[in-house]
Structure formats: C-alpha cells, structure tokens
Amino acid sequence: MNVMGKMRAAAIAGLGLALGFGGVLSAAPGQEQAASAGVKVPKLEFRDVKLDNGLRVILVADHSAPVYGIDVCYNVGSRNERPGRTGFAHLFEHMMFEGSENVAKGEHYVLVFNNGGNMNGTTNEDRTTYFEELPKNQLDLGLFLEADRMRALTVTQEKLDNQRNAVQEERRQSIDNQPYGRAQLDVDSLAYDNFAYKHSTIGSMSDLNAASVDDVKDFFRIYYAPNNAVLTLVGDFDPDEALAKVKKYFGVIPAQPAPPKVDLNEEPHYGERREVIYDPLARLPEIDMAYHIPAGNTPENYAAQQLTYVLGQGESSRFYQRLVKEKQLASEVRVQADTRIGTSQLYISANPRPGVKLEDLEKAIDEEIAAVVKSGVTPEELAKAKSQLLRQFIERRRSALFTAILIGNYTVYFNDPNLINTIVDKEHAVTLEEVNAVAKKYLVTDQRAVVITYPAAYEKASSKGAQ
Amino acid sequence: MRNCSGIWRNAGAAILAPATLATWAALAALAALAGMLLPGAALAQGQGQDKSAPLSQVQRLGRAPVNKEVLRVQLPRPTVAKLKNGLTIVLEEDHKLPTIAFTMWIHPGQLADPGGLPGLASFTAGMLREGTEKRTSEQIASEVDSLGASLDASSRFGVSYTSVNASGLITDAAKILDLMSDVVLHPSFPESELAKYKQSEEASLEQRLANPAFLGQQGFRRVIYGDTPMALASATKESIAKISVEDLQRFHEKHYVPGNTILGVTGDFKASEMRAAIEKYFGAWTGAAEAPEKFAATVAPQATKITLVDRPASVQTYIIVGDRAIRRTDPEYYGLAVMNQVLGGGPQARLFLDLREEHSLTYGSYSRFNAEIYPGDWLAFAPVRTPVTSDAMDRFLYEFKKINSEPVPPEEMDDAHRAIIASFALSLEQPAQILNDWLTVQYYGLPVDYWDKYPDHIGGIDTAGVQATAKKFVDLDHLQWICVGDRKEIEGVLKKYGPVSVVDVTGKAEN
C-alpha cells in the first residue's frame with residue numbers, strides 16, 4: 001500500500017492510531033511531539049501515458065467525491081519572454097479564454113460555471129496552467145474545452161485589445177494601486193541578472209501595449225503544442241474510459257518542433273544590492289530581502305524550505321517570537337522560499353511598527369540571521385517544521401483539482417509526477433546538518449537584494465529637513 | 001514568487017463577504033494556491049450570461065458536449081446533539097484523509113461591541129491565544145506549531161458570532177481539543193500581552209487604511225448601517241488605546257458561554273467517540289444562552305448618494321454600489337440568490353461580461369449579498385482605472401436597469417438554477433464546507449432538511465421572481481455608491497450621479 005522510504009516504519013506503526021481515535025484521547029495535554037508519527041498519507045496510483053503527438057497524460061482515479069479535476073500545464077512562463085514583450089505569457093493566458101473554433105468568446109465561463117463547475121488559469125515565471133473542476137457526469141465537457149483551445153484558438157485584434165485592458169487593470173489592481181506594489185517587482189529585478197527571472201510576470205505597461213496579434217499567433221504555435229503540455233485528470237472516473245476520451249479529443253492535435261530552451265543560469269553575485277522606494281500609497285515602511293537559493297526539488301531547496309519554517313512560519317517561529325513579540329519592532333514578518341526550475345529565492349519581508357525605525361528592524365533581522373548561520377537550528381525546531389510541512393501537504397491533497405494541479409506542476413517543473421507520492425519522504429529526509437549548511441551557505445549578505453520602501457511623506461519630510 | 005493569480009479573481013470576496021452563500025467559499029484561494037505560493041484570492045458563486053444583450057460578445061456556439069442531466073447530490077447528514085450545558089455539537093465524519101477540524105461559533109461576536117469600544121469582540125478573540133491559566137502565549141504557539149496544527153479565533157466585523165477554528169492531524173485530536181478548550185474556557189488576558197497586541201493592532205489598522213478594498217468596505221458599512229454596531233469595519237485608534245484587560249474579561253465572561261455556542265467537528269473519527277471527547281473537554285463549561293437581539297425587520301430607505309473616499313495617488317477607483325437587503329431566514333433568500341447569480345455571481349454573469357469582456361473597464365466585477373440575523377446588504381463592485389470611473393458607473397446603471405425592467409430569458413434562468421444546484425457535487429469533497437453548511441442550519445434555526453429542499457427552492461424561483469427581487473433590492477432611487485480614489489481626479493464626474501460627500505481614509509469628512 002504505502003511506500004515512503006523512511007516514512008514507512010512510522011506509517012505502518014501508526015495505522016492503528018490513525019483509524020482508531022479512542023486511544024489517542026488520553027494523551028497528556030501540553031506534550032510536544034512531532035505530528036508525523038503515526039500518520040499515513042494515502043499513496044496515489046497513477047497512469048502516466050504519452051500520446052503519439054507527445055501529450056503527456058496523468059490519470060488518477062479517486063472515487064471519494066462525484067467530481068473530477070482537470071489541469072493542463074504548459075511548459076512556458078514569463079521566463080520564455082523576450083525583452084520588449086514582458087507580460088506576454090500571462091496576456092496570452094487571457095487569450096486562451098477568448099474563444100476557439102468551437103467555443104465562443106466568454107462561452108468557456110458559461111459552460112463551466114453553469115454546469116456546477118469551477119475554473120481558472122494562472123501564469124508564473126516557469127509555467128502556465130489551466131484547470132477546471134466539474135461534477136463527474138461532465139467529463140467530456142472539460143476535455144473538450146481544453147482540447148479545442150489547444151487545437152484551434154481564435155485570435156482577433158479586438159479580443160487582444162480587450163484582454164490587454166483586462167491585464168493592465170489586473171496590474172493596477174494588484175500592483176500599481178497597492179502599497180508596496182513596486183517593491184514586489186523590484187526585489188526580483190534586483191535579485192536576478194538573467195532576464196528570464198529578472199523581469200516581472202505581469203509585465204510593463206509599454207510592453208503590454210506593444211503585443212500584437214502576430215505575437216499571439218507565434219506564441220501559440222511555438223508553446224501551445226501537445227508535446228509541450230501535461231494533462232492531469234484526478235477524480236471519479238474509470239481510467240480506461242477517461243484515456244479513450246483523452247485520445248479522442250486530444251489525439252488529433254499535431255505536435256510541433258520542441259520550443260527553444262531558455263538559459264536560466266544565474267551567476268553568483270558579489271556585493272549586496274539595495275534600492276530605496278518612496279511609495280505614495282504606503283503608510284508604513286517595509287523591507288523586502290531576497291537571498292539566492294538552489295532550484296526547487298533539490299536537497300538544498302528542501303532544506304531551505306524548512307529553514308523558512310523555523311524562521312517565520314507560525315507564531316512560535318524565531319522572527320515572530322523575537323521581532324514581533326519580544327522586541328516589538330515588527331508588526332509582521334513574512335518568510336518564504338520559492339521552488340523554481342532555476343535559481344530560487346528565499347524572501348524575507350517585514351514592516352516596522354508605527355514609531356519604530358526601519359534601520360532598527362533591519363538590524364534585528366540581521367542579528368537573527370547571523371544567529372541561525374552561527375549556531376544553526378535546534379532538533380525541536382526542525383521537528384516542528386516537518387510537522388507543519390506534512391500537515392500542509394495533507395491538506396493540499398484534499399481536492400481532486402488541487403491534486404491535479406500539483407501533479408501537473410511537478411511534471412512540468414521536475415519531470416516527476418510521482419513527486420506527489422515522494423515529496424513527503426524528501427521533506428522527512430532533510431537533516432539538521434543540511435539545514436544548518438544551507439543557512440551558512442546561502443544567507444549571505446553579499447548574495448542578497450534589499451528593497452526598502454518608505455511612505456512618500458517621509459521623502460518630503462526629509463527633504464524639508466535638509467533645506 | 002510573483003504569480004499572476006488567475007484569469008479572474010473576486011478580489012473583494014475575502015473582505016466583503018462574511019456569511020453569504022457557503023457553497024463556494026471552500027474553493028477560495030484556489031487560483032493562488034495553484035501558484036503554490038501566494039495566499040489571498042477567493043472565488044465567488046457563478047452563473048448566467050445574456051444572449052439577448054445588444055453587442056454582448058458572448059454568444060453560444062453550443063458545440064461543446066454537455067450532459068443535460070444535473071448530478072443531484074445529498075449533503076451527508078451530521079450527528080447533531082445538545083449537551084446538558086447547552087452546547088450544541090455538530091459531528092460530520094469524513095475518512096478520506098487522517099485529519100480533524102473543529103469550528104466553533106459563539107454568538108454574538110462583534111455586534112456586542114459596547115458603544116465607544118469598537119473592536120472589543122475582535123480583541124477578545126484575538127487575545128485567546130495570548131495566555132491561559134496554565135499556558136503562556138509562547139507555550140500555546142509552540143504546542144500548536146509542533147503539531148503542525150492551526151488554532152485561531154476571530155470576530156469579524158458585521159458577523160454575529162465569534163469563530164474559533166482548530167485543525168490538525170487526527171492522531172493529535174486530543175491535544176488539539178485540549179488546546180482549544182483551554183484557550184476558549186480559561187484565557188488569562190495578561191496585561192503585558194494586551195500591550196503587545198495593541199501595538200500590532202495599531203500597525204494592522206495603518207495597513208488596512210492603505211488598502212482600497214478595505215476602505216470601500218469601511219465606507220459602505222458606515223453609509224448602509226448608519227448608527228448601529230454593524231456600521232463598524234475595524235477598531236479605531238481610540239478604541240485600541242482604551243480597551244482594557246477588564247473589558248476583555250467582562251466580554252468573555254458574559255458571552256463565551258455554552259448556551260451561545262455551536263461546536264462543529266469534521267474528520268477521521270467515530271461520532272460517538274468524538275461526542276465523549278467533547279464532553280470531557282467542554283462538559284464542565286456553564287452559561288445559558290443570551291436572549292436574541294432585536295433588529296428592526298425593515299430599514300428606512302436612503303436616497304441615492306455618493307461617498308468619495310479620498311485616497312490620493314490612486315490610479316484606480318474602487319467602486320462599490322449597493323443597499324440594505326435581507327436576513328438569512330427571510331423567504332426572499334432564494335430569490336436574491338438567483339438574482340445575484342444572474343447579475344454578478346461570477347465571470348459568466350452579467351456584470352463581468354459587460355464591464356470586463358465587453359467594455360474593457362476592469363479586471364473583474366461581481367455582486368454579492370450578506371444575509372445575517374439582521375437585515376444585511378447586497379452590493380456590486382469593480383476596481384476600474386481612474387479615467388473610466390464614470391463609464392463604469394454607467395455600465396452598473398445599465399445592468400441594474402436591465403435586470404429591473406427586462407425579464408431574464410428562460411435559458412439564462414435555467415443556467416442560474418443549474419449552476420447553483422450542480423455545484424453541490426463539488427462541495428462533497430470539502431468536508432469543512434459541508435460542516436459550515438450544517439452550522440448555518442443550526443445557527444440560523446433553519447429546518448433540518450434545509451439542504452435537501454434547497455435545490456427545489458432555487459428551482460422554484462422563476463423569471464417573475466427574479467424581477468420582483470431586483471425591483472425591491474436593486475432600487476435605482478436608493479443606491480449607495482462608495483468610490484475610493486483620488487479626489488482631484490474624480491470628484492467632478494461623480495456629481496452627475498447624485499450628491500457627493502467626501503471623506504478621508506479614516507472616514508472623517510473633508511471640506
């Protein structure tokens with residue numbers, strides 16, 4: 001049943017506890033123990049098939065609810081954009097909802113929601129993904145919608161202009177009309193030299209304006225081919241029947257030459273990079289830092305994930321206890337390590353409390369970083385991080401759709417759909433020494449980018465002071 | 001890290017929808033989750049496009065294979081019981097994953113904030129984790145994180161109950177219950193922790209005042225709810241300074257009683273064993289239910305007016321427009337649900353298709369309603385770039401007039417019914433959502449077969465029913481507009497829609 005390397009012993013030993021609840025209730029209150037002991041994460045059996053046209057198909061039968069999730073993940077993101085066309089991968093994602101040969105503009109929304117479903121699409125640096133969840137009796141509908149737009153997208157100037165506006169409003173809503181919006185973009189542009197990750201996924205207004213119908217057509221031909229995509233189905237269906245339907249809808253779409261590869265190599269930096277922004281929409285200062293860490297799904301990246309939990313996840317984390325509670329310098333500290341195909345980042349973001357100087361907060365963050373670099377994390381902290389990660393992963397497995405999205409991501413990013421079954425092992429296998437080594441090697445001032453945001457009122461105040 | 005989270009995103013949902021139609025909330029954040037990193041997005045209820053709309057670019061080719069049969073499902077019935085001390089428990093077994101989740105609703109929440117102390121309910125809830133008779137704040141944090149568990153309590157503004165949520169792995173059920181019961185029954189509200197909590201609330205208030213969606217909500221609640229506790233959207237600088245340990249103790253003693261409380265549990269347990277465990281941890285708790293509050297069943301309508309919330313340097317205007325509406329138990333609930341579905345219940349609804357897909361004014365426009373123990377509200381909203389503020393208001397008015405004066409075509413009615421009824425299948429994989437649906441039944445005193453009959457009630461709303469609902473609630477003479485944006489750019493154009501008053505971000509009148 002369950003195969004999980006180091007987890008196996010714990011999983012089997014814990015079976016009785018997981019099923020019978022009564023025995024656990026007598027546990028002493030207040031006793032701290034790693035939550036992973038005794039919990040079994042059900043393994044997913046999946047079919048992994050490649051169609052003649054190169055489309056990779058992953059099928060997982062899950063009969064726990066009368067629904068299914070479908071995810072089509074394309075191996076293209078903003079990393080594939082060229083200078084002058086930033087934001088294009090995401091703008092293109094919008095065009096995928098504007099109609100295809102057998103689906104009118106807006107009809108996609110109508111068909112999915114009016115049949116009880118849910119849908120969306122998202123773009124990031126590394127991939128673009130499209131997904132629906134529907135009642136199980138609408139299996140053909142989801143497959144048809146995804147196949148039709150992969151096969152025959154219809155593109156017009158009018159549709160492009162309309163979605164260019166939608167995307168520009170999206171940028172205003174999430175970046176330009178929000179405090180710290182610019183800091184969000186600038187921290188990556190400071191942290192990377194390689195254009196692939198240096199520019200933003202949302203793109204610049206002028207590049208969005210420059211996008212043409214020909215750009216859309218080229219992008220579609222090059223990247224939206226079956227051999228550049230992964231189709232994942234999870235839910236209440238018979239896998240043989242589902243596969244037959246997949247072949248019927250997708251089998252006719254011709255393969256294309258493999259898209260050009262993108263160089264994601266990021267040379268080491270020497271010297272801290274720093275920028276100051278005066279933001280008219282901010283009411284409190286903010287500091288945003290980014291440290292280079294290795295790509296996702298590497299032992300060092302897994303170790304970095306756990307380091308972020310020790311530093312900043314939960315109210316018992318170091319930053320929360322020291323900076324928010326004990327020293328009362330920060331109102332909030334956020335820590336996160338991302339998992340990219342290429343060089344990733346460990347981000348730290350914090351706001352000082354009203355009346356606290358940003359420099360004092362930065363100094364305190366630096367002291368915490370110096371402490372973890374020097375003395376490492378404790379076994380208890382690491383056990384806690386692992387419990388939190390395990391719990392989070394189990395919750396992500398609840399929905400058929402989200403499971404499909406995860407598998408699609410794992411396959412496009414790391415060519416490994418089975419990561420859905422092994423990631424818990426990989427997280428469990430991280431050692432204290434590995435976490436400490438990662439802290440030492442990557443939490444290096446010379447390798448970081450720092451963006452400081454002050455409310456614009458501070459600039460006026462300081463220039464008045466100078467006069 | 002910087003994910004573009006979704007082709008659509010109902011950005012106001014998290015802030016603006018306290019206790020509305022429950023079914024879709026479980027899917028909240030899906031678009032963001034898909035990016036694996038960023039939290040925060042939320043989805044709405046969905047349905048209904050209009051074939052007959054002039055110029056609407058949405059037409060149907062009708063070539064996609066659709067199964068005409070609606071998959072009707074039944075929500076699994078929970079075990080419901082009332083313990084001797086008055087605590088109502090709702091137990092829903094779910095054996096898919098080795099987890100457990102507790103959800104507690106404690107009446108009356110923020111509506112019991114005393115005059116002059118807005119935020120007291122919220123402070124009381126927020127301080128539960130900051131120390132008990134036997135645990136310090138740090139010990140609680142450490143125990144929760146060590147289990148990989150979650151434990152939080154909040155009393156949201158406009159919601160008539162405080163929520164306490166705890167969840168984790170099933171193997172830790174006893175420890176989680178122990179922690180949850182400790183913070184709910186025995187909080188010590190240490191003076192030193194309150195001082196820290198106040199500092200963090202001051203900072204949160206500053207951050208909220210920079211957020212256009214919050215400013216819109218704050219403005220809307222003030223206008224709609226006038227001189228009542230429901231008008232509040234957050235604590236104020238003054239109340240943060242004023243709230244004392246004694247205030248917290250008093251609020252806790254008076255309102256945190258089993259008679260006021262429903263405890264729901266879902267997860268990988270046997271209901272009989274869970275009941276015994278709850279009795280062990282909550283059985284000794286005492287206190288009878290408080291008498292229900294009295295709210296006027298009807299509210300005097302206010303003539304249309306505009307409140308401009310001046311937020312200098314804005315590049316968008318965040319528009320909210322709406323009015324008072326209904327209580328959760330009002331029979332008009334079904335009509336409003338269907339009408340809202342047609343008007344603004346998702347990207348397939350009229351507002352989105354009009355304002356975004358046809359007129360290119362916004363990233364998204366939706367409508368929603370909030371039905372509580374008091375007559376709640378309905379609203380529509382859209383963030384739009386500043387120069388098209390007036391165009392967007394015209395489109396809202398066009399759609400409002402249309403749903404008032406033109407019968408919704410049969411096919412669109414059919415879509416609205418099917419969207420709501422068929423979506424129940426999706427909720428079956430979200431036990432927390434099912435539990436929430438049953439807590440709703442218990443809390444508002446709805447019949448036990450409420451969800452069994454819900455599809456028929458929805459299906460029973462016809463074209464005339466939608467039109468009557470629209471006429472009553474989408475009342476063109478009584479619309480309340482809130483526009484959050486840069487005053488010097490938009491004040492002039494707003495005047496043609498009605499009298500304009502201008503306030504700053506804290507709600508203070510500007511000259």
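In the predicted model, Lys305 of chain B stands opposite Gln480(B) in strand E11 of chain B, a pairing that belongs to the contact between strand E7 (residues 305-310) of chain B and E11(B), which run parallel and are joined by 6 bridges. E11(B), spanning residues 480-485, is also paired with strand E8 (residues 316-324) of chain B, here in the antiparallel sense and over 5 bridges, and within this second pairing Ile320(B) has Ile482(B) as its bridge partner. The strand is mostly covered, with 6 of its 6 residues buried. Burial extends to both faces of E11(B), since Gln480(B), Ile482(B) and Val484(B) are buried on one side, and Trp481(B), Cys483(B) and Gly485(B) are buried on the other.

These pairings form part of an open sheet of 6 strands in chain B, in which the order is E9-E10-E8-E11-E7-E12 and the pairing is mixed. The sheet is bordered by strand E9 (366-370) and strand E12 (500-503) of chain B, the edge strands, each of which pairs on one side only. From one strand to the next, the twist averages 20 degrees. E12(B) is joined to E7(B) by 4 bridges, and the two strands run parallel; in this pairing, Val309(B) stands opposite Val503(B). Helix H7 (residues 212-225) of chain B packs on the sheet, where it touches E7, E8, E10, E11 and E12 of chain B, and the direction of the helix makes about 150 degrees with that of E11(B).

The domain assignment of chain B gives a domain 1 made up of three segments, 13-29, 37-42 and 297-503, and a domain 2 that covers 79-282. Taken over C-alpha atoms, the centres of domain 1 and domain 2 of chain B are separated by 28 Å. Contact between the two involves 32 residues of domain 1 of chain B and 27 residues of domain 2 of chain B. On the side of domain 1 of chain B that touches domain 2 of chain B, at least two residues are supplied by each of helix H1 (13-16), E7, E8, strand E10 (377-385), helix H16 (431-444) and E11 of chain B. The largest share of this side, 8 residues, comes from H16(B). By class, the side of domain 1 of chain B that touches domain 2 of chain B has 22 nonpolar, 6 polar and 4 charged residues.

Another element of chain B, helix H11 (residues 333-344), was examined for its length and its burial. At 1.5 Å a residue, the 12 residues of H11(B) should span 16 Å, and the end C-alpha atoms of the helix are 16 Å apart, so the expected and computed spans agree. H11(B) is mostly covered, with 11 of its 12 residues buried; among them are Tyr333(B), Leu336(B), Met339(B), Asn340(B), Gln341(B) and Leu343(B). Just after H11(B), Gly346(B) takes a positive phi of about 160 degrees.

Over the whole of chain B there are 19 helices and 12 strands, and 59% of the 511 residues of the chain count as buried. Among contacts in chain B with a separation of 6 or more, 81% are accounted for by residues 24 or more positions apart.

Chain A is divided into domain 1 (47-250) and domain 2 (273-466), with 28 Å between the centres of the two domains when these are taken over C-alpha atoms. Here, 33 residues of domain 1 of chain A are in contact with 30 residues of domain 2 of chain A. The elements giving two or more residues to the side of domain 1 of chain A that touches domain 2 of chain A are strand E2 (56-61), strand E3 (67-74), strand E5 (128-135), helix H7 (181-191) and strand E6 (229-235) of chain A. The composition of this side of domain 1 of chain A is 17 nonpolar, 6 polar and 10 charged residues.

Between the chains, 104 residues of chain A are in contact with 96 residues of chain B. Helix H6 (residues 157-176) of chain A contributes the largest share of the side of chain A that touches chain B, namely 8 residues. By class, the side of chain A that touches chain B has 40 nonpolar, 42 polar and 22 charged residues.

Definitions and conventions. Residues are numbered from 1 along each chain as its sequence is written. Chains are lettered from A and ligands numbered from 1 in the order in which they are written. This is a predicted model: local features need pLDDT of at least 70, side-chain atom pairs count only at pLDDT 80 or more; totals for chains, interfaces and linings use all residues. Domain bounds come from an automatic or database domain assignment. Two residues are in contact if their C-beta atoms, placed from the backbone, lie within 7 Å. Ala, Val, Leu, Ile, Met, Phe, Trp, Tyr, Cys and Pro count as nonpolar, Asp, Glu, Lys and Arg as charged, and the others, Gly among them, as polar. The expected span of a helix is 1.5 Å times one less than its number of residues. A residue is buried if 20 or more other C-beta atoms lie within 10 Å of its own, exposed if 12 or fewer, and partly exposed in between; C-beta atoms are placed from the backbone. Two strands pair if DSSP finds at least two bridges between them. Axes are lines fitted to C-alpha atoms, for helices over the stretch in contact, and angles run from 0 to 180 degrees between N-to-C directions.
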